[in-house]
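Here are my notes on the model, set out as numbered points for you to follow with the sequence and the 3D view open beside you. Please take the points in order, and look up each residue as you come to it.

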Amino acid sequence: MLKLYQYALSGNCYKIRLLLNQLGIAYECIPVDIHQGESRTPEFLAMNPVGKIPVLEVSPGQYLPESNAIIYYLADGTDFLPVDRWERAKVMQWLFFEQFSHEPNIATVRYWISIAKIADKHKEAIAHKQALGYAALQVMDEHLSKYDYFVGNRYSIADISLYAYTHVADAGDFDLSKFPAILAWLDRIVSQPNYLTLSA
């Protein structure tokens with residue numbers, strides 16, 4: 001059975017649980033308390049030298065870190081990853097966008113404000129990251145004003161990746177009411193078969 005080493009509130013971990021649930025694949029969650037340094041132990045670093053969650057244990061001793069690499073691996077050969085070469089490249093485009101332009105801003109602010117509750121220590125950084133986060137959301141909203149989904153106009157791991165932190169962006173004091181196309185897209189994601197909430 002697959003083993004997912006994870007922190008439950010992490011959107012990067014949630015996107016993997018969501019895809020596994022929608023694929024109907026059984027897995028075991030192994031909690032990693034990042035606040036207690038459990039991702040920095042010698043045992044964890046042997047699985048992922050970067051010392052970050054999530055990590056998927058594909059088979060005994062075979063470990064795959066990085067959330068988007070994991071969902072790409074899991075989606076291969078399924079309807080969640082296009083067969084067409086161009087569309088697969090477009091999926092990768094959005095996965096890179098998520099990790100470079102979206103997640104570092106929206107997820108980090110959510111963590112500071114709502115999880116670690118250390119917003120007072122990061123006021124200037126929060127303002128900077130919120131500006132960048134809003135810019136990423138604007139790119140998404142403009143795309144979704146023309147298409148129902150991000151690639152091939154059908155649900156894929158590009159949507160799963162971007163959904164993970166977008167749907168909880170309000171926990172980072174982002175106002176999604178400015179982005180009607182994103183709000184409509186969020187509703188379409190929730191309506192997908194075998195949808196799983198972040199808290200599940």
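1. In this predicted model, helix 4 (residues 85-115) supplies the largest share of the lining of the largest pocket, namely 8 residues. The pocket itself has a volume of about 640 Å³, and of the 24 residues that line it, those closest to its centre are Asn 12, Lys 52, Ile 53, Glu 103 and Tyr 165. Sorted by character, the lining consists of 12 nonpolar, 8 polar and 4 charged residues.

2. Which residues touch the most other members of the largest nonpolar core? They are Phe 150, Ile 157 and Trp 185, in a core of 52 residues. At least two residues of this core come from each of several elements, including strand 1 (2-6), helix 1 (11-23), strand 3 (55-59) and helix 5 (123-144), while helix 4 gives the most, with 9 residues. As background, nonpolar side chains tend to be buried together in soluble globular proteins.

3. Phe 150 deserves a separate look. When residues up to four places away in sequence are not counted, Phe 150 touches Trp 94, Met 140, His 143, Leu 144, Ala 158, Asp 159, Leu 162 and Trp 185. Apart from the core just described there is a second, separate one of 8 residues, with Cys 13, Val 32, Met 47 and Ile 53 among them.

4. Helix 6 is largely enclosed by the rest of the structure, because 10 of its 10 residues are buried. Among these buried residues are Ile 157, Asp 159, Ser 161 and Tyr 165, and the buried residues of the helix pack against helix 1, helix 3, helix 4, helix 5 and helix 7. The N-terminal end of helix 6 is capped by Ser 156, which has a side-chain oxygen 3.1 Å from the backbone nitrogen of Ala 158.

5. Is Ser 161, in helix 6, buried or exposed? Its relative accessibility is 0%, so Ser 161 counts as buried, the limit for that label being under 20%. Leaving aside neighbours within four places in sequence, Ser 161 is in contact with Lys 15, Asn 68, Ile 71, Leu 95 and Glu 98.

6. His 167 lies in the loop between helix 6 and helix 7, and a polar atom of the His 167 side chain is 3.0 Å from the backbone oxygen of Tyr 163. With neighbours within four places in sequence left aside, the contacts of His 167 are Tyr 14, Leu 186, Tyr 195 and Leu 198.

7. Tyr 195, one of those contacts of His 167, is found in the segment after helix 7. Tyr 195 has a relative accessible area of 21% and is therefore partly exposed, since buried would require a value under 20%. Although Tyr 195 and Gln 22 are 173 residues apart along the chain, their C-alpha atoms are separated by 6.6 Å. Again leaving aside neighbours within four places in sequence, Tyr 195 is in contact with several residues, including Tyr 14, Leu 18, Asn 21, Gln 22 and Tyr 163.

8. Gln 130 belongs to helix 5, and its relative accessible area is 18%, so Gln 130 is buried under the 20% limit. A polar atom of the Gln 130 side chain lies 2.9 Å from the backbone oxygen of Gly 172. Beyond neighbours within four places in sequence, Gln 130 is in contact with Val 109, Ile 113, Gly 172, Asp 173 and Phe 174.

9. Some features of the backbone should be checked with care, because most residues other than glycine have a negative phi, and most peptide bonds are trans. The peptide bond from Ile 53 to Pro 54 is cis, with omega near 0 degrees, and Pro 54 lies in the loop between helix 2 (42-47) and strand 3. Lys 117, in the loop between helix 4 and helix 5, has a positive phi near 55 degrees, and with a relative accessible area of 62% Lys 117 is exposed. For Asn 153, in the loop between helix 5 and helix 6, phi is also positive and near 55 degrees, and at 40% relative accessibility Asn 153 counts as partly exposed.

Methods
Residues numbered from 1 in each chain as written. Predicted model: local features only at pLDDT ≥ 70, side-chain atom pairs only at ≥ 80, totals over all residues. Heavy atoms only, no water. 1 Å grid on protein atoms, 1.4 Å probe; cavity = no way out; pocket = protein on both sides within 12 Å on 5 of 7 lines; lining within 4 Å. Points joined across faces, edges and corners; volume = space filled by probe spheres on them. Helix = DSSP H or I, 4+ residues; strand = E, 2+ residues; numbered from the N terminus. Nonpolar A, V, L, I, M, F, W, Y, C, P; charged D, E, K, R; others polar. Core = buried A, V, L, I, M, F, W, Y, C linked by side-chain atoms within 4.5 Å. Buried < 20%, exposed > 50% of the residue type's maximum accessible area, 1.4 Å probe, protein only. Contact = heavy atoms within 4.5 Å. Polar contact = N/O pair within 3.5 Å; in protein donor to acceptor, adjacent residues only side chain to side chain.
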